[in-house]
Amino acid sequence: MWKALLLHMCHLSLVGLFSVIHATCDLQPITGDDATFCGDDLHVVYSDIGDVSCTHIPLCQNLTRDLIKKWGAPVVTYSNAQKGQDLLSGKSLKGRVITDYKGPSPPASTGYHRYEFHLYLQPPGSFPSLSPSEEESRGKFDPQSFSTRFSLGIPVASTLFMVQNPQQKDL
């Protein structure tokens, strides 16, 4: 039986093009090349602001500060999950945790950072784990290497959100 493996990672690739502080607190949709990464079936929901999938989280009303310092793990749902599966609601997920959730932590004055979520089908007998360097720093995580190491193939679904440090200085 195949299992679903949800992988949350931080891609510490800098996105300096988005250094504008938004005037409103509306989540801004991701556009351009980053938008092609996003699907519409994997959702990342924080109770305080809702679904952040494929969005820039603006620097206003302490959203980014709260995301970094206060909020716990989001609820992740997959709308194409079969009826009755835990991923449909994002509640009561079962499985082995390979690392505890770590909220976003972009360094100040480095622009927007991508926080990616990937959903893979886990082959029978596969027991994914992180290497010591991957466990030490999310910035050293290579999703292609991880997928190859555990024969996961390509993600069933992917999404991301972008956030910058609330102490951000214009670049």
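Ala73 sits in the loop that runs between helix H1 (63-69) and strand S6. The model described here is predicted. Its protein contains four helices and eight strands, and of its 171 residues 41% are buried. The points below start from Ala73 and move on to the sheet, the core, the disulfide and the aromatic rings.

**Ala73 and its surroundings**
- Ala73 counts as exposed because its relative accessible area is 54%, and the cut-off for exposed is over 50%.
- Beyond its neighbours within four places in sequence, Ala73 has contacts with Tyr46 and Tyr101.
- Tyr101 is 28 residues away from Ala73 along the chain, yet the C-alpha atoms of the two are 6.1 Å apart.

**Overall layout**
- Along the sequence, the order of strands and helices is β-β-β-β-β-α-β-α-β-α-α-β.
- Taking contacts between residues at least 6 apart in sequence, 79% are between residues at least 24 apart.
- The exposed surface of the protein is about 9,400 Å², and 54% of it comes from carbon and sulfur atoms.

**The three-stranded sheet**
- Three strands form an open sheet in the order S4-S3-S6, and their pairing is antiparallel.
- Strand S4 (50-51) and strand S6 (75-78) are the edge strands, each paired on one side only.
- Four bridges connect strand S3 (residues 42-46) with S6 in the antiparallel sense.
- Val45 has Val75 of S6 as its bridge partner.

**The largest nonpolar core**
- The largest nonpolar core consists of 18 residues.
- Leu42, Tyr46, Ile57, Leu67, Tyr78 and Phe161 have the most contacts inside this core.
- Two or more core residues come from each of S3, H1, S6, strand S7 (112-122) and strand S8 (157-163).
- Leu67, leaving out residues up to four places away in sequence, touches Tyr46, Ile57, Pro104, Phe161 and Val163.

**The disulfide**
- The structure has one disulfide, and the residues joined are Cys38 and Cys54, with an S to S distance of 2.3 Å.
- Cys38 belongs to the loop between strand S2 (28-29) and S3, while Cys54 belongs to the loop between S4 and strand S5 (55-56).
- The two cysteines are 16 residues apart, and the pair links distant parts of the chain.
- The disulfide of Cys38 and Cys54 is left-handed, because the torsion about its S-S bond is about -135°.
- Cys38 and Cys54 are both buried.

**Aromatic rings**
- Six aromatic pairs are found in a search of the whole structure.
- In the pair of Tyr46 and Trp71, the ring centres are 5.6 Å apart and the planes meet at 35°, so this pair is tilted.
- Tyr46 is in strand S3 and Trp71 is in the loop between H1 and S6, so their pair ties together parts 25 residues apart in sequence.
- Both Tyr46 and Trp71 are buried.
- Phe117 and Phe161 make a tilted pair, with 6.1 Å centre to centre and 35° between the planes.
- Parts 44 residues apart in sequence are tied together by the pair of Phe117 and Phe161, because Phe117 lies in strand S7 and Phe161 in strand S8.
- Phe117 and Phe161 are both buried.
- One aromatic cluster is formed by Tyr46, Trp71, Tyr115, Phe117 and Phe161.
- Of these cluster residues, Tyr46 and Phe161 are also among the residues with the most contacts inside the largest nonpolar core.

Definitions and conventions. Residues numbered from 1 in each chain as written. Predicted model: local features only at pLDDT ≥ 70, side-chain atom pairs only at ≥ 80, totals over all residues. Heavy atoms only, no water. Buried < 20%, exposed > 50% of the residue type's maximum accessible area, 1.4 Å probe, protein only. Contact = heavy atoms within 4.5 Å. Areas by Shrake-Rupley, 256 points an atom, 1.4 Å probe, with all protein chains shown as cover. Pairing = 2+ DSSP bridges. Core = buried A, V, L, I, M, F, W, Y, C linked by side-chain atoms within 4.5 Å. Disulfide = S-S within 2.5 Å. Phe/Tyr/Trp six-rings, centres within 6.5 Å; stacked < 30°, edge-to-face > 60°.
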